[in-house]
Amino acid sequence: MSATASVTLPVGYYKNSVQQELFTKAYQYWLDLSKNISKQLPGANLAFFAKLRERGYEAFAKLGLPTRRDDDWKYTQLDTIAANNFSLLGLSALAPVYNDVNSEVPCSRLVLDTAAVSNTHLVFSRGHCLKAISAIGDLPASVTVTNLRAILQTAPDLVATILGKAADINDHGFAALNAALCCDGYVIHVKRGVQLDYPIFITLINSSAKIAGHKNTASVINQEDDIAATFMRNLVIVEEGAKVQIIEQYLSDDNAISFMNAVTEMRVGSGAQVAHYKLAEEANSTMHFSSLNVLVERDASFQSNLIANGSALARLETRVKLKEPGANCNLNGLYLPQDKQHIDCFTSIIHESPFTTSNELYKGIIADSGRGVWTGRVLVVPDAQKISAMQTNRNLLLSTQAHVDTRPQLEIYADDVKCSHGATVGRLDNEALFYLRSRGIDYDSARSMLVFAFIREVITVMSESPLIAELENSLTAGGFVNRKGH
């Protein structure tokens, strides 16, 4: 890696001198860390991986952390990120520590009956794959489900075919940092024509540095007050005509104060079908930044389904490129900030070819002093004629302190296209509430019925998921639809 870089950002990038000093200090911390540990990270002996880390390092030196001067981050403030110190989890030096606890379930919230959902389940915690509590069922030889650290030893050429191809390190500083510091992640490869009849389940646990019964002896965790940081890099390759469902679940313990930076890269081959479910359910003491980056080829179909109701501060990105004619994507999302949570959902769909289609439906329910942000961008490049793009965002505010910012964006450079977008923000319909109560339904039940009716449209889209019953239970039994307004 080249000599340590220094950050040079445009004049006026910061709000004031205090913020400039705060962010500059944070940049330099991450740059120094990246430089000092680059040779300890997985893939350091592989030229293509070392090159990606170098590019990530240089991009972060150029970009730094986003501020609200960046239009894409206009409503999400990162001063908290810049003000804290972090300890990186997932280095090889820590592996012996985690081998000792591989048989333990590292998160009390890992309660979902995954065996009823799938016999293929990978569990990651503190930047490592916990194989003792993971399960690889009777997968056909044409399907590979493993972790990045392992496949770099056995099949690095497969990683090279997708790594850095779908995710752009120049999107923002978090994407660049992930390239420079990623330690592990899941890898799924489904060969041509294979159609799995059960989903592949992945759990990623956002943990604190402390482990019950173990002392943090590794040099990288030398300040107990530091926030534990995990950088995951997930890779998915689905070849021509294949079909698969992937469920990605993020959890943490209730007392974990931690930071997750995850980047997923995916290629959906010609005629393939992929359904991706993402459940962001971490505790309200965590910070979560992740992006799902997908390349969709000829006549292929990609469906993204997001449920976001965790973390104190979360930014969840879904970026799709429709590369060839016939490519299609459907993005469905539900974000549920409450208390003082801040959940920012960002989507980008780029129609790079004619005869491509996209549909997007995101809904937000914001309670208490929660804040939701949704940005949906559709870009139609020149000559991408005969495309269709439909985009909808609806929001329901359950309290007077709840706040949402919604930004549908269309950028069109072709003249024979069909595009629409729209966004709404409102409160519960008092007339509907009165009607239900006049039929003998108590106030709380009537209110819950209306809230659940609002989200039902998104849940219905996910009706083919084996998780549908679990989702409905978590949203109704003591969950969000019962929140009180004030």
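These are my notebook entries on a predicted model, taken element by element.

**Entry 1: the whole chain**

I began with the overall make-up, and I found 11 helices and 20 strands in the protein. Of its 486 residues, 57% are buried. I then looked up how far along the chain the contacting residues lie from each other: among contacts with a separation of 6 or more, 85% are between residues 24 or more positions apart.

**Entry 2: helix α1**

I turned next to α1, which runs over residues 17-37, and checked its length against the rise of a helix. Its 21 residues, at 1.5 Å a residue, should span 30 Å, and the C-alpha atoms at its ends are 30 Å apart, so the two values agree.

Which residues of α1 are buried? I listed Gln 19, Phe 23, Ala 26, Tyr 27, Trp 30, Leu 31, Leu 33, Ser 34 and Ile 37. Around the helix axis they cover an arc of only 160°, and therefore they sit on the same side of α1. I noted beside this that residues three or four places apart in an α-helix point the same way, because there are 3.6 residues a turn. On the face turned away from the buried side I found the exposed residues Ser 17, Val 18, Glu 21, Lys 25 and Asn 36.

I also wrote down what the buried residues of α1 pack against, namely α2 (47-63), α3 (79-83), β1 (86-88), α8 (173-181) and β7 (227-238). At the N-terminal end of α1 the cap is Asn 16, which has a side-chain oxygen 3.1 Å from the backbone nitrogen of Val 18.

For α3, I looked at Ala 83, which lies in that helix. Ala 83 has a relative accessible area of 52%, and counts as exposed because the cut-off is over 50%. Its C-alpha atom is separated by 9.5 Å from that of Gln 19, although the two residues are 64 residues apart along the chain.

**Entry 3: helix α2**

I repeated the length check on α2, where 17 residues at 1.5 Å each should span 24 Å, and the end C-alpha atoms are indeed 24 Å apart. The buried residues here are Phe 49, Leu 52, Arg 53, Glu 54, Gly 56, Tyr 57, Ala 59, Phe 60 and Ala 61, and I noted that they pack against α1, α6 (148-154), α8 and β7. After α2 comes Gly 64, whose phi is positive, near 65°.

**Entry 4: cavities**

How many cavities of 30 Å³ or more are there? I counted 4, and the largest cavity holds about 70 Å³ of space. Its lining consists of Trp 73, His 172, Phe 174, Ala 175, Asn 261, Ala 262, Val 263, Phe 289, Ser 290, Ser 291, Arg 315 and Glu 317. The elements that contribute two or more residues to this lining are α8, β9 (258-268), β11 (287-296) and β13 (313-322).

**Entry 5: positive phi outside glycine**

I looked up two residues that have a positive phi without being glycine. Ser 311 has a phi near 80° and lies in the loop between β12 (301-308) and β13. Asp 339 has a phi of about 50° and is found in the loop between β14 (328-335) and β15 (342-351). Is each buried or exposed? Ser 311 counts as buried, with a relative accessibility of 1%, whereas Asp 339 is partly exposed at 36%.

**Entry 6: Ala 308 and Gln 391**

Ala 308 lies in strand β12 and is buried, with a relative accessible area of 1%. Leaving aside its neighbours within four places in sequence, I found Ala 308 in contact with Ala 280, Leu 316, Leu 334, Tyr 335, Leu 336 and Ile 343. From Ala 308 to Cys 345 the C-alpha distance is 8.8 Å, with their positions 37 residues apart in sequence.

Gln 391 is in strand β18, residues 388-397, and counts as buried at 1% relative accessibility. What does the side chain of Gln 391 reach? I found the backbone oxygen of Gly 376 at 3.0 Å. Beyond the neighbours within four places in sequence, the contacts of Gln 391 include Glu 360, Trp 374, Arg 377, Val 378, Pro 408 and His 421.

How values were computed: Residues are numbered from 1 along each chain as its sequence is written. Side-chain values use heavy atoms; hydrogens and water are left out. Helices (H or I, at least four residues) and strands (E, at least two) are DSSP runs, numbered from the N terminus. The expected span of a helix is 1.5 Å times one less than its number of residues. Buried means under 20% relative accessible area, exposed over 50%, partly exposed in between (1.4 Å probe, protein chains only). The arc is that of the directions from the helix axis to the C-beta atoms. Contact means heavy atoms within 4.5 Å. A polar contact is a pair of N or O atoms within 3.5 Å; within protein, one must be able to donate a hydrogen and the other to accept it, and residues adjacent in sequence count only if both atoms are side-chain atoms. On a 1 Å grid over the protein atoms alone, a cavity is a set of points where a 1.4 Å probe fits but cannot get out, and a pocket is an open set with protein on both sides within 12 Å along at least five of seven lines; lining residues have an atom within 4 Å of a point. Grid points are joined across faces, edges and corners, and a volume is the space filled by probe spheres set on the points.
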